[in-house]
Amino acid sequence: MTFRALIFVCVTWLAGPALASDMPPVSVPSPHSAADTLARVEAEIAARNLTLLAKIDHQAAAADVDLEMPAATVVFFGMPKAGTPMFRKVPTLAIDLPLRVLVYEDAEGAVFVAYNPGEWLGEAVMARHGLNMPPEAQAGMTGMLSALAEAVIAP
């Protein structure tokens, strides 16, 4: 390998993670308490005929080891009918999916609903597993997650 080719490979390798990290999660402020926002997330998932698969309560885990932190719960959800064929084809995809939202409270007590945009899912997650997520599918995923978050924070 020539020195120029080696430089190209290194720059390309370093740029990949940087591009994915340029897409931070979307955080939407909620006027509701963390507990109410979490309940609304669960209700909205059910209303959209999605499956709530798991919840990870980071605040409770911290309390279990005598530490304190504001509310932070990750809710995993999806459509097993759509996801299972993908996981069967590419088993490692299951480390990054299903979809998730985070309900969290910041240090000042403000509550947020956060999610990863569809563009990040397509360009970082799917791509790292050798899958292609067309731009229109990425936009559709962002639209669905945005609509979910907006319904959750509605008065």
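Helices and strands here are DSSP runs, at least four residues (H or I) for a helix and at least two (E) for a strand, numbered from the N terminus. With that in hand, the predicted model reads along its sequence as α-β-α-β-α-β-α-β-β-α-α.

**Figure 1. The whole fold brings together six helices and five strands.** Welcome to the overview, which sets the scene for the close-ups. The protein has 155 residues, and 32% of them count as buried. Contacts in the protein often link distant parts of the chain: among those with a separation of 6 or more, 65% are between residues 24 or more positions apart.

**Figure 2. The five strands form an open sheet in the order β1-β5-β4-β3-β2.** The pairing is antiparallel. At the edges are β1 and β2 (51–57), each of which pairs on one side only. Direction ignored, neighbouring strands of this sheet are turned by 20 degrees against each other on average. As a reminder, strands of a sheet pair through backbone hydrogen bonds, in either a parallel or an antiparallel way.

**Figure 3. Valine 101 in β4 is a handy landmark for following the sheet from strand to strand.** Which residue stands opposite valine 101 in β5? That partner is tyrosine 115. Valine 75 also stands opposite valine 101. The antiparallel pairing of β3 with β4 runs over six bridges, and that of β4 with β5 over five bridges. Another five bridges join β1 to β5, again running antiparallel; here serine 30 stands opposite valine 111 in β5.

**Figure 4. The hairpin of β4 and β5 has five residues between its strands.** Within this hairpin, look for glycine 109, whose phi is positive, near 95 degrees. 

**Figure 5. Tyrosine 104 and phenylalanine 112 form a stacked aromatic pair.** How many aromatic pairs does a search of the whole structure find? The search finds one. Its ring centres are 5.1 Å apart, with 20 degrees between the planes. Planes under 30 degrees apart count as stacked, so the pair gets that label. The two residues fall into separate accessibility classes: tyrosine 104, at 21% relative accessibility, counts as partly exposed, whereas phenylalanine 112, at 16%, counts as buried. The cut-off for buried is under 20% relative accessible area, so the value of 21% puts tyrosine 104 in the partly exposed class.

**Figure 6. Helix α6 spans residues 135–153 and lies across β1, β3, β4 and β5.** Its 19 residues reach 27 Å from the first C-alpha to the last, close to the 27 Å expected at 1.5 Å a residue. The buried residues of α6 are Gln138, Thr142, Leu145, Leu148, Ala149, Val152 and Ile153. Why do they sit on the same side of α6? They cover an arc of only 130 degrees around the axis, which puts them on the same side. The general background is friendly to a quick mental model: an α-helix has 3.6 residues a turn, so residues three or four places apart point the same way. In this model, the buried residues of α6 pack against β1 (26–30), α2 (34–47), β3 (72–78), β4 (99–105), β5 (111–115) and α5 (118–128). Helix α6 runs at about 165 degrees to β5.

**Figure 7. Alanine 151 in helix α6 meets residues far away in sequence.** Alanine 151 and valine 41 are 110 residues apart in sequence, while their C-alpha atoms are 8.6 Å apart in space. Not counting residues up to four places away in sequence, alanine 151 touches Arg40, Glu44 and Arg48. With a relative accessible area of 27%, alanine 151 is partly exposed.

**Figure 8. Two loop residues other than glycine have a positive phi: asparagine 49 and aspartate 66.** Most residues other than glycine have a negative phi, and most peptide bonds are trans. Asparagine 49, in the loop between α2 and β2, has a phi near 60 degrees. Aspartate 66 is in the loop between α3 (58–64) and β3, with a phi of about 60 degrees. Are these residues buried or exposed? Asparagine 49 is exposed at 69% relative accessible area, and aspartate 66 counts as exposed at 73% relative accessibility.

**Figure 9. The peptide bond from leucine 97 to proline 98 is cis.** Omega for this bond is near 20 degrees. To find the spot, look in the loop between α4 (80–89) and β4, where proline 98 is located.

Methods: Residues are numbered from 1 along each chain as its sequence is written. This is a predicted model: local features need pLDDT of at least 70, side-chain atom pairs count only at pLDDT 80 or more; totals for chains, interfaces and linings use all residues. Side-chain values use heavy atoms; hydrogens and water are left out. The expected span of a helix is 1.5 Å times one less than its number of residues. Buried means under 20% relative accessible area, exposed over 50%, partly exposed in between (1.4 Å probe, protein chains only). The arc is that of the directions from the helix axis to the C-beta atoms. Contact means heavy atoms within 4.5 Å. Two strands pair if DSSP finds at least two bridges between them. Axes are lines fitted to C-alpha atoms, for helices over the stretch in contact, and angles run from 0 to 180 degrees between N-to-C directions. Rings of Phe, Tyr and Trp (its six-membered ring) pair if their centres lie within 6.5 Å; planes under 30 degrees apart count as stacked, over 60 as edge-to-face and the rest as tilted.
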